[in-house]
Amino acid sequence: TGHCLSYHKYVFVGLLAALQFGLLSVACWKCYASRNIPTKFSEGKLLGPAIVSNMQLYLIGVPVVVIAMDEGNNISFFVKSALIFLENAMVLALIFGRLIY
């Protein structure tokens, strides 16, 4: 009661991680490809550091989430919440912080 159970949770987490890594890789490539476009017409210089920080966060965070899945519900919940908070805070700080400053 109160939670879901799956016998294939590592497959599910692995597929989600692979999808996210693939999408972030494409976004990094697109920012790299648009690096020579003037900033008047492109936001790639603002998005690039945010995407790279997300990539780093996922490379570190996904293994920690997998390890924390077996430790208990409270630890797993905290790790997932911290990962989501860090991701959103970094994107907001890197994109809008530069625009405001």
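At what angle do H2 and helix H3 pack, and how far apart are their axes? The legends below take that up, then move on to single residues in this predicted model.

**View 1. Helix H2 against helix H3.** H2 runs over residues 44–68, and H3 covers residues 73–100. Their packing angle comes out at about 175°, and the two axes sit 9 Å apart. Since angles over 145 degrees count as roughly antiparallel, H2 is therefore roughly antiparallel to H3. Sorted by class, the residues in the contact of H2 with H3 are 18 nonpolar, four polar and four charged. If you're wondering why both numbers get quoted, it's because two packed helices are described by the angle between their axes plus the distance between the axes.

**View 2. Leucine 46 in H2.** Here's leucine 46, placed in helix H2. Its relative accessibility is 16%, so leucine 46 counts as buried, given that the cut-off for buried is under 20%. Skip the neighbours within four places in sequence, and leucine 46 still has contacts with Leu94, Ile95, Arg98 and Leu99. Leucine 15 is another story: 31 residues away along the chain from leucine 46, with 29 Å between the two C-alpha atoms.

**View 3. Leucine 57 in H2.** Leucine 57 is also part of helix H2. With 18% relative accessibility, leucine 57 goes down as buried. Not counting residues up to four places away in sequence, leucine 57 touches Val62, Leu83, Leu86 and Glu87. For a backbone distance, try methionine 90: 33 residues separate it from leucine 57 along the chain, and their C-alpha atoms are 9.7 Å apart.

**View 4. Valine 64 in H2.** Valine 64 is another residue in helix H2. Is valine 64 buried or partly exposed? Its relative accessible area is 38%, so valine 64 is partly exposed. Between valine 64 and leucine 83 there are 9.7 Å from C-alpha to C-alpha, at a sequence separation of 19 residues.

**View 5. Cysteine 28 and cysteine 31.** Why is there no bond for the sulfur of cysteine 28? The closest cysteine sulfur, in cysteine 31, is 6.8 Å away, which is too far for a bond. Looking from the other side, the sulfur of cysteine 31 has cysteine 28 as its closest partner at that 6.8 Å, so cysteine 31 is left without a bond too. The cut-off at work is a pair of sulfur atoms within 2.5 Å, and by this rule the disulfide count is zero. As for exposure, cysteine 28 has 25% relative accessibility and counts as partly exposed, whereas cysteine 31, at 15%, counts as buried.

**View 6. Confidence along the chain.** A quick look at the pLDDT before you trust any of these close-ups. The protein chain averages a pLDDT of 82, and 96% of the residues score at least 70. H2 has the lowest confidence, with a mean of 83, while H3 has the highest, at 86.

Notes:
Residues are numbered from 1 along each chain as its sequence is written. This is a predicted model: local features need pLDDT of at least 70, side-chain atom pairs count only at pLDDT 80 or more; totals for chains, interfaces and linings use all residues. Side-chain values use heavy atoms; hydrogens and water are left out. Helices (H or I, at least four residues) and strands (E, at least two) are DSSP runs, numbered from the N terminus. Buried means under 20% relative accessible area, exposed over 50%, partly exposed in between (1.4 Å probe, protein chains only). Contact means heavy atoms within 4.5 Å. Axes are lines fitted to C-alpha atoms, for helices over the stretch in contact, and angles run from 0 to 180 degrees between N-to-C directions. Angles under 35 degrees count as roughly parallel, over 145 as roughly antiparallel, 65 to 115 as roughly perpendicular and the rest as oblique. Ala, Val, Leu, Ile, Met, Phe, Trp, Tyr, Cys and Pro count as nonpolar, Asp, Glu, Lys and Arg as charged, and the others, Gly among them, as polar. pLDDT is the predictor's confidence in each residue, from 0 to 100.
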